[in-house]
Amino acid sequence: MSLAWVLTLGALLFSLGIYGVLARRNAVLVLMGIELMLNAVNVNLIAFDAWIRQGNATGQIFALFIITVAAAEVGVGLAIVLLVFRRRETINVDEVNLLKW
Amino acid sequence: MEKYLFWVMAVTALLSGLGMVMARNAVHSALMLVVNFFALAVFYVLLGAHFLAAVQIIVYAGAIMVLFLFVIMLMGVQREEPADEPIRFQRPLALLAGGALGGLLVFVIRTSFGLARFAEQAGSSSAGNAQGIGRALFTSYLFPFEVTSILLIVAAIGVVVIGRREPESEEPAAPAPASSEPGGGP
Amino acid sequence: MPITQTPEVAWRAIAPALALAGGGVIALLVIAARPKIHRAALAALSLAAIGAASWSTFDLCALRYRVVMQGSVAVDGVSLFANLILLVTAAMTVLLSYHYLERRRIHRAEYYPLLLFATCGMVLLAAANDLILVFLAIEVLSLALYVLAGMARRDAGSQEAALKYLLLGAFSTAIFLYGIALSFGATGTTNLGRTAVKVASGGVDARLTSAAMALLAIGFGFKVSVVPFHMWTPDVYQGAPTSVTGFMAAGTKAAGFAALLRVFLVSFGALQWSWRPVLWGLAAATMVVGSILAIAQSDVKRMLAYSSIAHAGFVLVGVVAGGREGLSASLFYLLAYAVMVLGAFGAVIVSAPDGRERLSFGEWAGLGQRHPVFAGAMTLFLLSLAGIPPTAGFMGKFFVFSAAVQAGETPLVVVGVLASVVAAFFYLRLIVLMWLTEPAGEAQELGASPAPALALALAAAATLAFGVYPQAIMDLARAASVFTG
């Protein structure tokens, strides 16, 4: 198992996530694309951590923080999505266009 | 064995990621993402991050994805994305952006690391277990750890503020034209 | 099992952040115990927490600059000066918020703790000396701001501002994180000081660090709204409650630029040759695009949003100039900008008695005749934003441009001056409208309650003082232009 292949996987997942964020119109799916991007970052961090192998596991700690933050962000994000949905019956980001997208 | 597992899981992760961004139905997308998270958890085990593999499954695949599914259900399962494109060339442009960045990153990675292999037993690095992470978390990263507590307070308050209606103080028949629509929820 | 030593906690060094977070928690407990508590008490509590944070910041100034908390927090001139800007911003926001929220009937008790937590995140961001803490601080302030932007829950504009800010903010954070991961992979550390050592030693992969720096720049670019990562700014600034908009414009910019300066000048200082041309381009594009797009606006908040984009470009000129001159000029500019933009948004808040502000340009016609003092203050802020002497904005631009000329970046200064000329046009348009046109319709009162009036008066005094006698503040900024790391 070589480092470059793991990192390549991370990069591909990241670009899939970017495509998801930019191409999807449903706000929930956009948020899921962001989750995919964050996971790609975690793959990178953990691979680098295993590669560098220094004492205090910086990469793994960072990944742990990212997971925590992702949970918090998803909580707030879905609350906002629900708020918009309850008012407008749509969560397609381009239909939410009182302000220009 | 490890090698085959890597390839199987890499293909699984990529296909499920692809499925997630392509599926028309939101529930399918969410389930694809769960598969993706499980595949990544296997990776973490291969890379020696056992604790994170557990966290990945418990927090990500468990809690976060359930939250997603819950919200999707609340909004109606049959809801599918319309196939038309109100923003012209949205998908091709997204493909271009994702593809260009991905290609660039892969190029950088391939040229920087080439065929560098992990040392034997990448998994046995001393920090790859809960003990090592715990010690680092409460010594070297004590302060960031405490900052996450503030972050979680903010998130909790934020969800309450956004989600809860407060009848006594909130604009009943709003004075502002922009906020004139009554009723906030079902 | 070896016994691990208890980590050392530098209480005095983190006291400003502790005071703000502690104030937020106390406010929450008070709200939980007495849900119907008068909002004025919460506002006073917030001001007290901000006061405590300011006091502990002054207390820190006497200490030796150093890195504390296992290398994750830097106490140095830049973080202390940023604290000054951020605490002034927070205090003014509290003063401006109270009556505004009351009038718009969106006065929720949780507003104040969220404001304190957001300020805490900004203070931490300005002092963060580890990329992990940079990320967490950005998230603390962003999460609080997403919610604050959506504070007017019934208002469609506010909801959509929150949604848009959240989606694009999270997107940019993910890109930023990828940059951090690559930087970690290249250097083996997330600590900014150790990254600097590693980068200076030359033992890092150039391609990998370049990619890392590019992604980090994109992440910061989103936060401080640099072209081409500015798309969210006008909509979010327009939709969010105006008091929050002012806070975002002044605070996020100051904290974001402090962190950007620290990351690029400390960590990647040895690679200046590689990132300076990129920031050069971003600065030029930001100044030009921000100024040109502002001309087309007919909504005051939107116009100020585009002007805030243009101002991010002017600060970037200071970053590109680099060195102690450029750094101190950027810091001065951030303080000057905070004061004048809070004044301008404050004037929008005060402009009408009910929750409905004067947003379209037409509503400002003839205000000079009806409310000369108020129109005079707004004129002062607009002149300052345009960079016309004798105001803070002029001195800010002067320092930034002269630092850039000294650094041999004259072409960038030419672009900047041209952009300022274009920008002056739309500020002057509003001024002309206020003073030289006849008022239309019947006279309308202002919503000037004592607290916002006080905030406006302070902002106007500071705008004028920094313009007439900038030396004191500039000396302070120059003394503060020291990193430790």
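This is a short talk on chain C, from its overall build down to one serine and then out to its contact with chain A.

Okay, so before anything else: what we're looking at is a predicted model.

Let's start with the whole chain. Chain C comes out with 19 helices and two strands. If you box up its C-alpha atoms along the principal axes, you get roughly 75 × 60 × 40 Å. Is that what you'd expect from a compact globule or not? For 485 residues the globule rule gives a radius of gyration near 23 Å, and chain C has 22 Å, so the two agree. On burial, 67% of the 485 residues in chain C count as buried. And for the contact-map people: take the contacts in chain C with a separation of 6 or more, and 81% of them join residues 24 or more positions apart.

Now let's zoom in on helix α1 of chain C, residues 15–33. Its 19 residues at 1.5 Å each should span 27 Å, and the end C-alpha atoms sit 26 Å apart, so that agrees. Quite a few of its residues are buried, among them Pro16(C), Ala19(C), Gly23(C), Gly24(C), Ala27(C) and Leu28(C). What do the buried residues of α1(C) pack against? Within chain C, they pack against α2, α3 (77–104) and α4 (111–127), and from chain B they also meet α6 (142–163).

As a quick aside, an α-helix has 3.6 residues a turn, so residues three or four places apart point the same way.

Let's look at the α2 side of that packing through one residue, Ser56(C). You'll find Ser56(C) in helix α2, which covers residues 39–61 of chain C. Buried or exposed? Ser56(C) has 20 C-beta neighbours inside 10 Å, and the cut-off for buried is 20 or more, so it counts as buried. Leaving out anything up to four places away in sequence, Ser56(C) touches Ala15(C), Pro16(C) and Ala19(C). With Ala19(C), the C-alpha separation is 8.4 Å, although the two are 37 residues apart along the chain.

Last stop, the contact between chains C and A. Chain C puts in 31 residues and chain A puts in 33 residues. On the chain C side, α5 (131–149), α6 (156–187) and α9 (232–239) each supply at least two residues. Which of them gives the most? That's α6(C), with 17 residues. As for chemistry, the chain C side that touches chain A splits into 18 nonpolar, nine polar and four charged residues.

That's my tour, thanks.

Technical notes:
Residues are numbered from 1 along each chain as its sequence is written. Chains are lettered from A and ligands numbered from 1 in the order in which they are written. This is a predicted model: local features need pLDDT of at least 70, side-chain atom pairs count only at pLDDT 80 or more; totals for chains, interfaces and linings use all residues. Two residues are in contact if their C-beta atoms, placed from the backbone, lie within 7 Å. Helices (H or I, at least four residues) and strands (E, at least two) are DSSP runs, numbered from the N terminus. Ala, Val, Leu, Ile, Met, Phe, Trp, Tyr, Cys and Pro count as nonpolar, Asp, Glu, Lys and Arg as charged, and the others, Gly among them, as polar. The radius of gyration is taken over C-alpha atoms; the globule rule is 2.2 Å times the number of residues to the power 0.38. A residue is buried if 20 or more other C-beta atoms lie within 10 Å of its own, exposed if 12 or fewer, and partly exposed in between; C-beta atoms are placed from the backbone. The expected span of a helix is 1.5 Å times one less than its number of residues.
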